[in-house]
Amino acid sequence: MESREYLDKLIGCIASANQAASVLCVSPNIPGPDKMIFPAGHLFADCLNALLNRFHHADVLSQTYVDGIAFHAAIIVVRMNPYQAKRISLEVETDDFAGYFCDIDVYAPGGKVSRGALREKERPCYLCGGQAKACIFYRRHTPAEILLQIQKRYMEHHNLYRDKGSGMDQYYITLYSLLKPYCNADLNEDSNLFESGLNSFNMVNILVEIEKRYQFEFDDEELDIRGINTIRNLSRLIIKKQQGERHGNES
Ligand SMILES: [Zn+2]
């Protein structure tokens, strides 16, 4: 069964067992085929936290983290009027940084509560600020462009990129998401990767992954580990390699 279909069935079951309560479903709003990609997990956890904080006086009856589907999702049951729950969800989607990049659906016994029911405007597009639905309908942006924008905004918000003047490039974002799982919390473009927790075995795996993604091969002398000990160095090396490949193909 498709993930979305499975999730909807689960929401239906939970909603019919909790007729007197509101049922909410939280999920990060990530475009493209890979819904688990960085920073989906972080946005999901932070948004869930923000939402549960706002319910601290209400009776949260259950929280279900849905496993075995291709994206992050949680179903929350709270003893509260669905319109009030929708109002709180809209506040989180508008005011909370992670909430802005997540969808919080609220289900009443009669079905999903719409934004329109609360006379709320539709959500804005992450890229151009226009109406998100219109941008999707007219395919104004590619999923890759929107994902890059979400990743940039996340990294800027969490101060994971210090060198604001030069602008963050897509290599930095890709490298950060590859390296982050192996390094400690305050990794930035100039952190020494090996002092941040990366070992040379993992570094080799990451270099292989980079070769695959960018479709080139490093020469042995380029793989001097001392020379590529920061994200900045690594991203420069990739740019140099790609320029070299292009030049090689032209001649
Ligand atoms: Zn747009």
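Among contacts in the protein chain between residues at least 6 apart in sequence, what percentage join residues at least 24 apart? The figure is 61%, and the views below, taken from a predicted model, show some of the elements and residues of this chain.

**View 1. The whole protein chain, with its 9 helices and 5 strands.** Read from the N terminus, the elements follow one another as α-β-α-β-β-α-α-β-β-α-α-α-α-α. The C-alpha trace spans about 65 × 40 × 40 Å along its principal axes, and of the 251 residues in the protein chain, 27% are buried.

**View 2. The open sheet, whose 5 strands are arranged in the order E2-E3-E1-E4-E5 with antiparallel pairing.** Strand E2 (59-65) and strand E5 (111-112) have a single partner strand each and stand at the edges, so that one side of each of these strands is left without a neighbour in the sheet. Helix H2 (residues 40-54) packs on the sheet, where it touches E1, E2, E3 and strand E4 (102-108), and the direction of H2 makes about 150 degrees with that of E1. At the E2 end of the strand order, E2 and E3 are paired in the antiparallel sense over 6 bridges, and Asp59 stands opposite Arg79 in E3.

**View 3. Strand E1 and the strands it is bridged to, E3 and E4.** Strand E1 (residues 22-28) runs antiparallel to strand E3 (residues 74-79), and 5 bridges join the two. Within this pairing, Val23 has Val77 of E3 as its bridge partner, Leu24 stands opposite Ile76, and Cys25 has Ile75 as its bridge partner in E3. Strand E4 is likewise antiparallel to E1 and is joined to it by 6 bridges; here the bridge partner of Val26 is Ile104 of E4.

**View 4. The two faces of strand E1, both of which are covered.** In a regular strand the side chains alternate between the two faces of the sheet. On one side of E1 are Ser22, Leu24, Val26 and Pro28, on the other are Val23, Cys25 and Ser27, and all of these residues are buried. Because 7 of the 7 residues of E1 are buried, this strand is largely enclosed by the rest of the structure.

**View 5. Helix H3 (residues 82-95), lying across E1, E3 and E4.** The helix runs at about 175 degrees to E4. At 1.5 Å a residue, the 14 residues of H3 should span 20 Å, and the end C-alpha atoms of H3 are indeed 20 Å apart, which agrees with that expectation. Which residues of H3 are buried? They are Pro82, Ala85, Lys86, Ile88, Ser89, Val92 and Glu93, and because these residues cover an arc of only 165 degrees around the axis, they are on the same side of H3. The elements against which the buried residues of H3 pack are E1, H2, E3, helix H4 (97-100) and E4.

**View 6. The packing of helix H6 (residues 143-157) against helix H7 (residues 170-179).** The two helices pack at an angle of about 75 degrees, and their axes are 11 Å apart. Since angles of 65 to 115 degrees count as roughly perpendicular, H6 is therefore described as roughly perpendicular to H7. On the H6 side the contact is made by Leu148, Gln151, Lys152 and Met155, and on the H7 side by Gln170, Ile173 and Tyr176.

**View 7. The surroundings of Leu175, a residue of helix H7.** Is Leu175 buried or exposed? Leu175 has 21 C-beta neighbours inside 10 Å and therefore counts as buried, the criterion being 20 or more. When its neighbours within four places in sequence are left aside, Leu175 is in contact with Ile231, Leu234 and Ser235. The C-alpha atom of Leu175 is separated by 9.3 Å from that of Arg232, although these two residues are 57 residues apart along the chain.

Conventions. Residues are numbered from 1 along each chain as its sequence is written. This is a predicted model: local features need pLDDT of at least 70, side-chain atom pairs count only at pLDDT 80 or more; totals for chains, interfaces and linings use all residues. Two strands pair if DSSP finds at least two bridges between them. Helices (H or I, at least four residues) and strands (E, at least two) are DSSP runs, numbered from the N terminus. Two residues are in contact if their C-beta atoms, placed from the backbone, lie within 7 Å. Axes are lines fitted to C-alpha atoms, for helices over the stretch in contact, and angles run from 0 to 180 degrees between N-to-C directions. The expected span of a helix is 1.5 Å times one less than its number of residues. A residue is buried if 20 or more other C-beta atoms lie within 10 Å of its own, exposed if 12 or fewer, and partly exposed in between; C-beta atoms are placed from the backbone. The arc is that of the directions from the helix axis to the C-beta atoms. Angles under 35 degrees count as roughly parallel, over 145 as roughly antiparallel, 65 to 115 as roughly perpendicular and the rest as oblique.
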